[in-house]
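Work through the two exercises below with the model open. Each task is followed by its solution.

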Amino acid sequence: MDVGTHDSMIDPGSATADSTEKATMDALIIRGGRRLSGRVEVSGAKNAALPVMAATLLAPGVHTLRNVPLLSDTRTMASVLERLGARVEFRGHACKIDTSNVSSVEAPYDLVRTMRASVYVLGPLLARFGAARVSLPGGCAWGPRPVNLHLDGLNAMNAQLEIDHGYIVGKDVRLRGAQVNFDVVSVGATAQLMMAAVLAEGTTTLDNVAIEPDITVLGEILSGCGARIEGLGTRRITVHGVRELRPIDTTIIPDRIEAATLLAAVGITGGSVTLERCEAGHMAAAMHKLEEMGCEILPGNGEVTISGPSRPSAVDVTTAPFPGFPTDMQAQMMALCAVADGTSVITDTIYLDRFTHVPELQRLGAQIELKNNSAVIRGVERLQGAPVMATDIRASAALVLAALVAEGETRISRIYHLDRGYEQLETKLRGLGADVERIQE
Ligand code: UD1
């Protein structure tokens, strides 16, 4: 779950609150026109780390997570866990979470509204404590993002949830196995129900589940702690409930969206870059599209090398659940299409309104026309730098990519959105030769 609200990012429960508040004032200044070259390391996956952090609530004890990306979203999840009474300690990218003394089951609105993924604590709280009080997340920057599948699924498992003054409330709950068939493929609901089912009484069958690597890996991690899960990586997962789990000890997988964003950066600037610590198999759809646009991509052992074309060719892209083209790469792809040779059509089938980046790309000179959930992009030869505003995590990344080729200077404000999902993107890009600077506005 990967969404910004219009609110500025706050992080009251953590020692980093000051720096986060300062970061709300930060902007990026990018002077375009440099080709990227060199090597860069990919960070741990935000969308894998967040559910695993929530899953630590399932078992009392000290959990160890390595390669956790240092982002405001992972700090927000740490704050949620701390509010519940867990102790969270970061040493670099290693995170220890002690869930022995959880004393509250309430995830408050002030945290959940800053990050929807906070809602992931609902299933684990119900499963271990039989109670939860979790704020409803509300809307997001690009429209409604319901949690009905989470609630319906948990209710099918006997959660008897009620909505009380904006909170999802469960009391005296004994989760029981159930058969749940999701109407639409949902990453969030699959993770939620899988976490709830591992400690439920009896067997739960989940049909039409998400098979994103983040989900499959979550299941593997839980299995490593004693959970009994069958069918991981297929559209049907069967979970046989167990009485208790051992604490988690794991290394978070590489971030496929950060990696694909860096590949797209080379696709737009040209040049040649090797990504280290990445998993090519997790981003095949994005790699194929970049190849179609003229990039040369060579996957190696835990590495991917890309050479960008002098000008990308137009492509058509339709987002779909994994292994399809990820909605989280739709905005970045649009930046490439904006300067591509020819006309591209990008359709988002996951989030029909996820186009807040369009007016900002237009400010840089992109020729984009929106028709329902499709954008028709007529590639122009050059974009021009201008002041623009980040509106959500991936929209911000799209603006960064566009700025890397725009003539002159682009100032991107509100980059706290970027900081939610990308660990030091500007430092990584600078290391590859880009002219990027972070300033305080
Ligand atoms: C989705 C993406 C995920 C991405 C994230 C943030 C998919 C399948 N999921 O995950 O890859 O990282 O956005 O950009 O590509 N839905 C409901 N009711 C629910 C839950 C979801 O109707 O209770 C719908 C959503 O409106 C959406 C679809 O199901 O149309 C997929 O949602 P879901 O996968 O749950 O969203 P995220 O977990 O946020």
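**Exercise 1.** Find which helix gives the largest share of the shell around the ligand, then describe the polar contacts of the ligand with Asn 148 and Tyr 351.

Solution. Helix 6 gives the largest share, three residues (helices are DSSP runs of H or I, at least four residues, and strands are runs of E, at least two, both numbered from the N terminus). The model is predicted: local features need pLDDT of at least 70, side-chain atom pairs count only at pLDDT 80 or more, and totals for chains, interfaces and linings use all residues. Residues are numbered from 1 along each chain as its sequence is written, and side-chain values use heavy atoms, without hydrogens and water.

Step 1. Helix 6 spans 148-156, and helix 7 (187-197) also supplies at least two shell residues.

Step 2. For polar contacts, take pairs of N or O atoms within 3.5 Å. A polar side-chain atom of Asn 148 is 2.6 Å from a ligand nitrogen. A side-chain N or O atom of Tyr 351 lies 2.8 Å from a ligand oxygen.

**Exercise 2.** Which strands pair with strand 23, and in which sense?

Solution. Step 1. Strands pair if DSSP finds at least two bridges between them. Strand 1 (residues 26-31) is antiparallel to strand 23 (residues 409-413), with five bridges; Arg 31 has Glu 409 as its bridge partner.

Step 2. Strand 22 (residues 387-389) pairs with strand 23 in the parallel sense over three bridges. Here Pro 387 is partnered by Arg 411.

Technical notes. Polar contact = N/O pair within 3.5 Å; in protein donor to acceptor, adjacent residues only side chain to side chain.
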